[in-house]
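Take a look at the protein below. This report starts with one residue and then widens the view.

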Amino acid sequence: MSVPHREFNTEGVPLAYFFTFRCYGTWLHGDDRGSVDRFHNQYNSPRVPPNREREKYLRSRMKRAAVVLDRERRAAVEA
């Protein structure tokens with residue numbers, strides 16, 4: 001019997017969290033990449049499945065254009 005690695009557990013509980021962010025309008029629910037919404041936000045739960053109609057609807061509700069970070073803005077975020 002081997003000793004389990006500290007970095008791995010079978011309890012289904014994460015040992016750490018990875019925080020990230022997206023800019024406004026660049027990754028909407030329904031996108032092919034999947035997403036997490038308030039109903040799909042538990043550790044190891046399935047993501048929101050792709051749904052073109054939902055993505056199209058959410059894009060139509062945007063109040064302004066999507067924010068894409070150019071070189072200058074990326075440098076500001078990094079700083």
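Start with S35, which sits in the segment before α1. The model shown here is predicted. Is S35 buried or exposed? Its relative accessibility is 9%, so S35 counts as buried, because buried means under 20%.

What does S35 touch, leaving aside its neighbours within four places in sequence? The contacts are W27, L28, H29, G30, R47 and V48. With H29 there is also a polar contact between the two side chains, at 2.8 Å. R47 lies twelve residues from S35 along the chain. The C-alpha atoms of S35 and R47 are separated by 5.5 Å.

Now move to D37. This residue is also placed in the segment before α1, a helix that covers 52–60. D37 has 8% relative accessibility, so it counts as buried. Its side chain makes a polar contact with the side chain of H40, at 2.7 Å. A polar atom of the D37 side chain also lies 2.9 Å from the backbone nitrogen of F39. Not counting residues up to four places away in sequence, D37 touches H29, V48 and R54. H29 and V48 appear in the contact list of S35 too.

The table gathers these short distances between polar atoms.

| Atoms on one side | Atoms on the other side | Distance |
|---|---|---|
| S35 side chain | H29 side chain | 2.8 Å |
| D37 side chain | H40 side chain | 2.7 Å |
| D37 side chain | F39 backbone nitrogen | 2.9 Å |

K63 gives a contrast. Where is K63 found? It is in the loop between α1 and α2, and α2 covers 71–78. K63 counts as exposed because its relative accessibility is 74%, and exposed means over 50%. K63 and G25 are 38 residues apart in sequence. Their C-alpha atoms are 9.6 Å apart in space.

Next comes the largest pocket. It holds about 750 Å³ of space. Its lining has 25 residues, and the closest to the centre are F18, T20, S35, V36 and R47. So S35 and R47 turn up again here. The lining divides into twelve nonpolar, eleven polar and two charged residues.

Finally, the whole protein. How many helices and strands does the protein have? There are two helices and zero strands. The protein has 79 residues, and 15% of them count as buried. Take the contacts between residues at least 6 apart in sequence: 44% of these join residues at least 24 apart. The accessible surface comes to about 7700 Å². Carbon and sulfur atoms account for 54% of that surface.

Methods:
Residues numbered from 1 in each chain as written. Predicted model: local features only at pLDDT ≥ 70, side-chain atom pairs only at ≥ 80, totals over all residues. Heavy atoms only, no water. Helix = DSSP H or I, 4+ residues; strand = E, 2+ residues; numbered from the N terminus. Buried < 20%, exposed > 50% of the residue type's maximum accessible area, 1.4 Å probe, protein only. Polar contact = N/O pair within 3.5 Å; in protein donor to acceptor, adjacent residues only side chain to side chain. Contact = heavy atoms within 4.5 Å. 1 Å grid on protein atoms, 1.4 Å probe; cavity = no way out; pocket = protein on both sides within 12 Å on 5 of 7 lines; lining within 4 Å. Points joined across faces, edges and corners; volume = space filled by probe spheres on them. Nonpolar A, V, L, I, M, F, W, Y, C, P; charged D, E, K, R; others polar. Areas by Shrake-Rupley, 256 points an atom, 1.4 Å probe, with all protein chains shown as cover.
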